[in-house]
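User: Could you take a close look at one part of this structure for me? I would like to see how a single side chain fits in with what surrounds it.

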Amino acid sequence: MTRNKSEVDKNLQNVVKDLEHAAVNSHQAQQIQQQTNDRRHQDALGHDKEHAHPSALLDKD
């Protein structure tokens, strides 16, 4: 596991940043949750380079 130069936990920084934004209503809360899900999905795609993404398996002829 690599650490950043400042020795500060990056995950903890992200949690604090997310907590600074209080959701005003259910729609805004859903939007924030979707952004989190999108980041996780992109991260999973980045870690899965040796496996083909399901959309890459579709025949595009």
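Analyst: Let's start with Arg39, which has 46% relative accessibility and therefore counts as partly exposed. Please keep in mind that this is a predicted model.

What does the side chain of Arg39 meet? It forms a salt bridge with the side chain of Asp18, at 3.7 Å from N to O. Arg39 belongs to helix H2 and Asp18 to helix H1, so the pair ties together parts that are 21 residues apart in sequence. Asp18 is partly exposed too, because its relative accessibility is 33%, a value between the 20% limit for buried and the 50% limit for exposed. The count for the model comes to 1 salt bridge.

Now for the space around Arg39. The largest pocket holds about 410 Å³. Its lining is made up of 10 residues, and Arg39 is among the closest to the centre, together with Asn11, Asn14, Thr36 and Arg40. Helix H1 (10–19) and helix H2 (26–47) are the elements that each give two or more residues to this lining. So the two helices that Arg39 and Asp18 tie together also contribute to the wall of the pocket. As for its chemistry, the lining has 5 charged and 4 polar residues, along with 1 nonpolar residue.

Helix H1 has something else to show you. Val15 is found in this helix, and with Leu12, Val16 and Leu19 it forms a nonpolar patch on the surface. Together these four residues have about 390 Å² of accessible area. Val15 itself counts as partly exposed, because its relative accessibility is 44%.

Finally, here is the setting for all of this. The chain has 2 helices and 0 strands. Of its 61 residues, 2% count as buried. The accessible surface of the chain comes to about 6000 Å², and carbon and sulfur atoms account for 54% of that area.

Definitions and conventions: Residues are numbered from 1 along each chain as its sequence is written. This is a predicted model: local features need pLDDT of at least 70, side-chain atom pairs count only at pLDDT 80 or more; totals for chains, interfaces and linings use all residues. Side-chain values use heavy atoms; hydrogens and water are left out. Helices (H or I, at least four residues) and strands (E, at least two) are DSSP runs, numbered from the N terminus. Buried means under 20% relative accessible area, exposed over 50%, partly exposed in between (1.4 Å probe, protein chains only). Accessible areas come from the Shrake-Rupley method with a 1.4 Å probe; for residues, only the protein chains shown count as cover. On a 1 Å grid over the protein atoms alone, a cavity is a set of points where a 1.4 Å probe fits but cannot get out, and a pocket is an open set with protein on both sides within 12 Å along at least five of seven lines; lining residues have an atom within 4 Å of a point. Grid points are joined across faces, edges and corners, and a volume is the space filled by probe spheres set on the points. Ala, Val, Leu, Ile, Met, Phe, Trp, Tyr, Cys and Pro count as nonpolar, Asp, Glu, Lys and Arg as charged, and the others, Gly among them, as polar. Patches are made of residues with over 30% relative accessible area and no salt bridge: like charges are joined within 9 Å, nonpolar side chains (Val, Leu, Ile, Met, Phe, Trp, Tyr) within 5 Å.
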